[in-house]
Amino acid sequence: MRQVREHHSEIVRRVPRLQLFFGASLVIIGAAYWVVQVVHGAEYRELAVNNSLRKHVIEAPRGIIYDRSRNPLAENVASYNLILHPSRSRDLVASRAYFESILGAPPPAVAEAWSQATGARLVAEDLTLEEVARIEAHALEYPEFEIEVGHVRLYRQGAQTAHLVGYLSEASERRIAASEGRLSAGDLVGVVGLEAAFDGDLRGAKGERRVVVDHRGRVKREHSRLGARPGEDLQLEIDLRVQRAVARYLEDRVGAVVALDPRTGGVRAMVSSPSYDPNVFTRRLVPEQWEAIVKAPHDPLQNRTMQNVYSPGSVFKIVIALAGLAEREITTGTSVYCGGSVRHYNHRFRCWKRQGHGRVRLHEAMRESCDVYFYQVGKQLGIERIARYSRQIGLGTPTGIEIGGEKAGLVPDEAWSRRVRGTPWYLGETISVAIGQGPLLVTPLQIATMMATVANGGWHVTPHIVSGETERRPSGLDTEHLAIVRDALSAVVNEGGTGAPARVEGLEVAGKTATVQVIEQATWIGSEDLPYERRDHAWFASFAPVDDPQLVVVAFVEHGGHGSRAAAPVAKLVYETFFDAL
């Protein structure tokens, strides 16, 4: 076996290197010990005695939501909660007695906290400043109680802006999992309305505070802090004066009102009734409160401006008029005789006026809302052309407003009938659609955007609640035809037509009433003589001033009866409120 020996001089040369390496290592270790023991000795000795650092999340203030005049619609107010740490208590019986001496007997759910050996529990919310002062005065005697300072959302306008602004609720497990670490258990997030649509912007980013606590969990001092980033504020197009006036008018009614600027699409008011108080969601909601809301009559959580669909009734005659002019089926001189009813396809269709309107042209037919005239025009057009012009003016598709849940409505045609109903489109249905009845369905918001297109000379505007850039695109409708229709709509209000109750002194309003049958009638029974749930729906769609439109107002009242009596007056209120401040 061959042996290999290293030369003695080679080993000698390596020894100083090893000495240098081990020497440097000892110096580094000694320096580290010196830093720990001398430089930071007092700090780490304190930590060793006190035992731990504790992290506290610093919640980011949520962004404030303002109307167009900087009136707050949603803001944050200070909130004081009481936390119990059972492990810090020397005597839980004494702790409970102390709690009851200040806040009274706890509810059963809170009382369970005293039976737990460990684990912090929320035992009281929304303490008054007097209660906070009394608890802080005895903090050394009762270290098991800790005041948690936070913020709670306040919706200052309550039910008047509920559907618009929305509310907050604790994030679900699914939403937390999808947030990629941005959300954790207990975080509040927007559920509906603007709070949901702009949740990421409004929420901001949390901060973190590290504090030194002793072995009993008492805070000794702050160790470090990373500040929270506040959420962004939202500036809205909403005019709070108009919003309030409409909400008060609709308090005892079921319906919806939309008011917007036809030049930009900026929403000035958006009210759905009945409503609810979003402030009940800012605290822990008990089952009885939730049950009272969901079982309340007429579904107050439903936003009727965009989540409910209805037959448009005679408001749809605007579309029929534009389609008839564009397709040269009628001119301004085309006349039709109305005797109170007419027969089409072996079925008699009535006009709303039993004695009829006599011979009428487009202007008079629109002013008087003559059904027989539009039956004839609708028959000449046919359902396919009616559907095409309906979509061209924006019906049958969502408007694109920021808040979610918007319904698309329905514009029926032959293909829809075969696909959905499995039957061909029947010609008699076209006659009903011509006056806005049948399977045709729209939202009040869609009618508002349609009226904006008529008012502004043919531009589609995307309605928007938050201030920002205007989105406009051409509709392709003929400007001369639009001018003819605008003139006729002015006559509805200002020449003794069905919209006369919407007249405003010194302001030329143009509009169209609609009275929509809920049930088909074979007799001439007045809507007011029917049970409430069978009464007609009422519409009024309008804009003003006629020569320079600045505001579109669409009012809808469920089972309100005649559009002229139930819906036109609320539009008048909006115009008076809005233009009074200009």
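Two strands are said to pair if DSSP finds at least two bridges between them, and strands (E, at least two residues) and helices (H or I, at least four) are DSSP runs, numbered from the N terminus. What you have open is a predicted model, in which local features need pLDDT of at least 70 and side-chain atom pairs count only at pLDDT 80 or more, while totals for chains, interfaces and linings use all residues. Residues are numbered from 1 along each chain as its sequence is written, and side-chain values use heavy atoms, with hydrogens and water left out.

Begin by selecting residues 341–344, strand S14, and residues 347–350, strand S15, which run antiparallel and are joined by four bridges. Within this pair, Ser-341 stands opposite Arg-350 of S15. Two residues lie between the strands of this hairpin, and Tyr-345 takes a positive phi near 50 degrees there.

Next, colour the open sheet of five strands, whose order is S12-S11-S21-S20-S19 and whose pairing is antiparallel. At its edges are S12 (267–273) and S19 (510–516), each of which pairs on one side only. Select S19 together with S20 (residues 537–544), and you will find two antiparallel strands joined by seven bridges, with Thr-515 opposite Ala-538 of S20.

Now add helix H21, which packs on this sheet by touching S11 (255–260), S12, S20 and S21 (551–557), where contact means heavy atoms within 4.5 Å.

Keep H21 (residues 568–580) in view and select helix H10 (residues 240–249), since the next stop is the place where their axes come within 9 Å and cross at roughly 155 degrees; such axes are lines fitted to C-alpha atoms, for helices over the stretch in contact, and the angles run from 0 to 180 degrees between N-to-C directions. That angle makes H10 roughly antiparallel to H21, a term used for angles over 145 degrees. To see what touches, show the side chains of Arg-241, Val-242, Ala-245, Val-246 and Tyr-249 on H10, and those of Pro-569, Val-570, Leu-573, Val-574, Thr-577 and Phe-578 on H21.

Finally, which residue forms a salt bridge with Arg-268? The partner is Glu-237, and the closest N and O atoms are 2.7 Å apart; a salt bridge here is a side-chain nitrogen of Lys or Arg within 4 Å of a carboxyl oxygen of Asp or Glu. Arg-268 belongs to strand S12, whereas Glu-237 lies in the loop between strand S10 (234–235) and H10, so that the pair links distant parts of the chain, 31 residues apart.

Notes
Parallel < 35°, antiparallel > 145°, perpendicular 65-115°, else oblique.
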